Amino acid sequence: MKIVEKTVVQMHYTLKSDEGAVIDSSEGREPLQYIQGMHMIVPGLEKAMVGHDVGDKFDVVVIPAEGYGEYDERMTQEVPLNVFQGVDKVEAGMAFYAQTPGGPMQIRIKSVGEKTAVIDANHELAGKNLNFAIEVVSVREATEDDLKPFEHHCCCGGHDGDHECECGDHGNKENCDGNGGCGCEHHAEHHGK
């Protein structure tokens, strides 16, 4: 079976830098599994997987725009060292998680001065080509259970009472009826209902 939209793919991979250094590899581990078309892997690699079959071995070079993005200097910032509470010695290369409006984001320490440090919120592979060696191990059609986590629901009112509104800040959990009604003033325009 060839890799097409909504197939479950298992693959072995080795990721190298342009200089040939191994960045990551599935060697000695279980193969990586993902569902084609569900944006679980970087876009450039997902595109390159289409049409391949079990046993195929091939190389893919993913450019930054289709990988982890271009390096953006605006995502660096100088901060006072005292923001790193509980850390004895702040050093370049250390990684931390910062709380942002979009959820936790990993930041790295780019450099350290006497009283300040420069933090970097770019992905560590931003601006770099991703050189993959791929081996397709298995391909099968995705089941309903495989796809369930990717379904779009507004105020689905799950069985556990967890009402998640996808209408942004406009939704109102208190008004959720569990059947797609969330009291959101923009419900119709967001969901065509």
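This passage walks through a predicted model of one protein chain, from its overall make-up to a few of its residues.

The chain has 193 residues, of which 32% are buried. Along the chain there are 3 helices and 9 strands. Read from the N terminus, these elements follow the order β-β-β-α-β-β-β-β-β-β-α-α. Contacts often reach across the sequence: taking those between residues at least 6 apart, 56% join residues at least 24 apart.

Before turning to details, it helps to see how confident the predictor is. The mean pLDDT of the chain is 84, and 78% of the residues reach 70 or more. Two stretches call for care. Over residues 155–175 pLDDT stays under 50, and the model has 42 contacts beyond four places in sequence for this stretch. Residues 187–193 also stay under 50, with 12 such contacts in the model. Where pLDDT is low, the predicted coordinates should not be read in detail.

A good place to begin with the strands is an open sheet of 4 strands, arranged in the order S5-S8-S7-S6 with antiparallel pairing. Strand S5 (76–80) and strand S6 (95–100) stand at the edges; each has a single partner strand, so one side of each has no neighbour in the sheet. From one strand to the next, the twist averages 40°. At the S5 edge, 5 bridges join S5 to strand S8 (residues 116–120), and the two run antiparallel. Among the residues taking part is Gln77, whose bridge partner in S8 is Ile119.

Strand S6 also takes part in an aromatic pairing. A search of the whole structure finds 1 aromatic pair. The ring centres of Phe84 and Phe96 lie 5.1 Å apart and the ring planes meet at 40°; this angle falls between the limits of 30 degrees for stacked and 60 for edge-to-face, so the pair is tilted. Phe84 sits in the loop between S5 and S6, while Phe96 belongs to strand S6, and the two are 12 residues apart, so that the pair links distant parts of the chain. Phe84 has a relative accessibility of 10% and therefore counts as buried, the cut-off being under 20%.

Another loop, the one between strand S3 (32–35) and helix H1 (43–49), holds Gln36. Is this residue buried or exposed? With a relative accessible area of 4%, Gln36 is buried. The side chain of Gln36 makes a polar contact of 2.6 Å with the side chain of Tyr34. A polar atom of the Gln36 side chain also lies 2.9 Å from the backbone oxygen of Glu46. Leaving aside residues up to four places away in sequence, Gln36 touches Ile3, Val4, Glu5, Lys6, Thr7, Glu46, Met49 and Val50.

Two residues deserve a look for their backbone angles. Most residues other than glycine have a negative phi. Lys6, one of the residues touched by Gln36, has a positive phi of about 65° although it is not a glycine. Lys6 is placed in the segment before strand S1 (7–16) and is partly exposed, with a relative accessible area of 42%. His39 also has a positive phi, near 60°, and is a residue other than glycine. His39 lies in the loop between S3 and H1, where Gln36 is found too. Whereas Gln36 is buried at 4%, His39 is exposed, with a relative accessible area of 68%.

Terms used: Residues numbered from 1 in each chain as written. Predicted model: local features only at pLDDT ≥ 70, side-chain atom pairs only at ≥ 80, totals over all residues. Heavy atoms only, no water. Buried < 20%, exposed > 50% of the residue type's maximum accessible area, 1.4 Å probe, protein only. Polar contact = N/O pair within 3.5 Å; in protein donor to acceptor, adjacent residues only side chain to side chain. Contact = heavy atoms within 4.5 Å. Pairing = 2+ DSSP bridges. Axes fitted to C-alpha atoms, helices over the stretch in contact; angles between N-to-C directions. Phe/Tyr/Trp six-rings, centres within 6.5 Å; stacked < 30°, edge-to-face > 60°. pLDDT = per-residue confidence, 0-100.
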